[in-house]
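Colleague: I am new to this structure and would like to go through it with you in order. Could you show it to me before we begin?

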Amino acid sequence: MENSTCNSNLEVDMEEDEWLQAGRQVQQEKRTRNHDNTELRRCLNERHVNMIAFSSTIGIGLFLQSGKVMYLIGPGGAILAYLLMGSVLWSANASLGEMTAVFPVKGPIIDFPSRFVDEGVGFAVGWMAWFAYINLTATEVSAVASLFKFKFEAGYLAQFNYPQDTLQWDFGLGTNPAVWVTLCLLGILLINLLPVRAYGEIEYVCGCIKMFVIVSIILLNIILNAQYSSRNSTNPFQFYQQPWGFFSNQTSTDPGAKTYTFTGDTGRLVGMWSAMNTIFFSLQGFFTVSVTAAENKHVDRDESIKLATRKISLRVILLYVLVVFTVGLNVPYDDFNLRDTSISSIRRGQNSPVIIACIRSGVVGLPHFLNAFYIFSAFSTGVNGLYIASRLLHALASIRNVWPATGWGASIKARLAKTSSKGVPVNAVFISWLFGLMGYLAVKPFPAKILGRMAIFSTSSMLIVYACVATAFLLFRTRTITGDPSEEILIRTPEGEFLNRDAPDYPYKSHLQWLRSAYALLACILLILFNGWRSLLSPFSHADFLSAYMSIPIFIIIVALYHFKDEPEWKPWRWERRVTMEVGNPVVTVEKDPERRKGRLHRANRDEFWCKENLAAFGQFVWTWLK
């Protein structure tokens, strides 16, 4: 009995020691996490990623710039331009999506060009994307302030016998735009300082609201068109036919003191080219899916990168095209409020084709709601812009060999790389947010041109980024092989390690992806070179030229500075690529059966067609693509 009692006491003492030791370990981990943590937290589910990516592409571009696109090339031409530009970004985004699904690393848009193209190119791509997104945030903030200046001219309303003599926001017209900019910037900062899970929930709700309203806008325009056609006995497609037409009859541009008008095939060509450059700004948020990779949990189980990459392309391109098509049924492309011959401008709610459709149909009340919704959309996109910029800056702080090892440079790097106890890179958020103060440019006398030039600079920067991503994928493909499905995803050969794209647990594969990448690369290069063609017309516009082409020398300078810092003897004319071509440690999917992978429709019960198991599998398939 005494021995058993002693043994029991000894066991209790040992358990207490283990608990104390475990407690000390937990406290040490907390202290380490609080003081030395530089990692983001994987808290986002697939539904969060889907809606963050969707919400980031629905800002002022769809609602304010779609009217300019229609004016440039006509309603039918606008649809083709959205499809063409959408296919370019879909191709480039699928390239990035496949690489990210295999390697869900921090800052994939930086890592993959560094890994497969050149370390200096990856470094420069990171900064160009960061420049573009702090610029996007400032643009969206400025647009919010501009949207409060909502006012239709009385003569325009009378032209369509609108039931109200005036349509304007008196409180917006009478308030200094700086007030709205300040409120918007503070809201954007506060949301980005929340834990990423809370941020994801907020953006999920915002994305759902945007999707519901956009679908409602499409249905509204179909109803308005049916009512007008029935009441006036007209062709529902009258604005797609003569005297208007599928394409616009001419394209005009005004670089300053002189207006240039292009007609015929030349007019359609320059109109289509200008429209595609305008559209890119609206769609540049496609790669948001990859930015979330480091905060994405259950990547191997949920296959969230693959699904979100595919869903963002399908949803955005389809909804954009349907909005433009249905609005074109009710608004002629030469409507007075759509006319915009300036090289660069983003205008206000009264220039939105959706609101114009309501005015022409005599709908009361809805224009106010739509303008308020545009403000909400711009604000939400600004929130996403800061999120993306902060994660890019945090990833750039992880590049060790280009930051000073000691002194102020090392201190800045350490602060930017640090995250809070909730995994939020607070310092990176705040530094990126400071550049959002450019939004105060909205108080200038001509905010439309300033906004337009900011959008053009963001566009040209992101074109360079997408070109580098497409190049990275083409080089990544040289490290893949067509292997046997029974083999592992990583195959070791005397020539090195290669990825087996035919392995059943390979995360994401698109057919002919190399061809789509080449197509995206060629399109991006052409758009970069001819992005600012209108600035070359007389009189030469220095400001518009710089906004279109300044990103090219900035990119080259950053690449050169990287190599000069890391290789003091580096000479540009003897440039040798510094790459690792590393493909080790790929992520594999939990589901090994290709037929049962996420997003695939399969029969759970092969023996019986109509059964609960198959019905549940079908419901799961539908929900996977809807959420």
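Modeller: What follows is a set of questions and answers on the whole protein, one helix, some salt bridges and a surface patch.

Modeller: This is a predicted model, in which local features need pLDDT of at least 70 and side-chain atom pairs count only at pLDDT 80 or more, whereas totals for chains, interfaces and linings use all residues. Residues are numbered from 1 along each chain as its sequence is written, and side-chain values use heavy atoms, with hydrogens and water left out.

Colleague: What radius of gyration does the protein have, and what would a compact globule with 627 residues have?

Modeller: The radius is taken over C-alpha atoms, and the globule rule is 2.2 Å times the number of residues to the power 0.38. For 627 residues a compact globule would come near 25 Å, and this agrees with the value for the protein, 27 Å.

Colleague: Of the 627 residues, what percentage count as buried?

Modeller: A residue is buried under 20% relative accessible area, exposed over 50% and partly exposed in between, with a 1.4 Å probe and protein chains only. By that rule the buried part of the protein is 56%.

Colleague: Which residues of helix α16 are buried, and on which side of α16 do they lie?

Modeller: Helices are DSSP runs of H or I with at least four residues, strands are runs of E with at least two, and both are numbered from the N terminus. Helix α16 spans residues 407–417, and its buried residues are G409, A410, K413, L416 and A417. They cover an arc of only 130 degrees around the axis (taken from the directions from the helix axis to the C-beta atoms), which means that G409, A410, K413, L416 and A417 are on the same side of α16.

Colleague: Which residues are exposed on the other side of α16, and what covers the buried ones?

Modeller: The exposed residues on that other side are G407, W408 and R415. The cover over the buried residues includes two helices, α15 (366–396) and α17 (426–435).

Colleague: Which residue forms a salt bridge with R115?

Modeller: A salt bridge here is a side-chain nitrogen of Lys or Arg within 4 Å of a carboxyl oxygen of Asp or Glu. R115 is buried at a relative accessible area of 10%, while its partner is partly exposed at 24%. The two are four residues apart in helix α4 (residues 108–116), and therefore about one helical turn separates them. The closest N and O atoms are 2.8 Å apart, and the partner is D111.

Colleague: Which residues are joined into one network by salt bridges that share partners?

Modeller: The side chains of D502 and K509 meet in a salt bridge at 2.9 Å, N to O, but the network concerns other residues, namely R47, R197 and E201. Within it, R197 and E201 meet at 3.6 Å, N to O, and both lie in helix α9 (residues 196–232), four residues apart. Both count as partly exposed, R197 at 30% and E201 at 26%. The names asked for are thus R47, R197 and E201.

Colleague: What area does the nonpolar surface patch that includes F430 have?

Modeller: Such a patch joins nonpolar side chains (Val, Leu, Ile, Met, Phe, Trp, Tyr) within 5 Å, from residues with over 30% relative accessible area and no salt bridge. F430 lies in helix α17 and is partly exposed at 40%. Together with I431, L434, F435, L437, M438 and L441, F430 makes a patch of about 520 Å².

Notes: Contact = heavy atoms within 4.5 Å. Patch = residues over 30% accessible without salt bridge, like charges linked within 9 Å, V, L, I, M, F, W, Y side chains within 5 Å. Areas by Shrake-Rupley, 256 points an atom, 1.4 Å probe, with all protein chains shown as cover.
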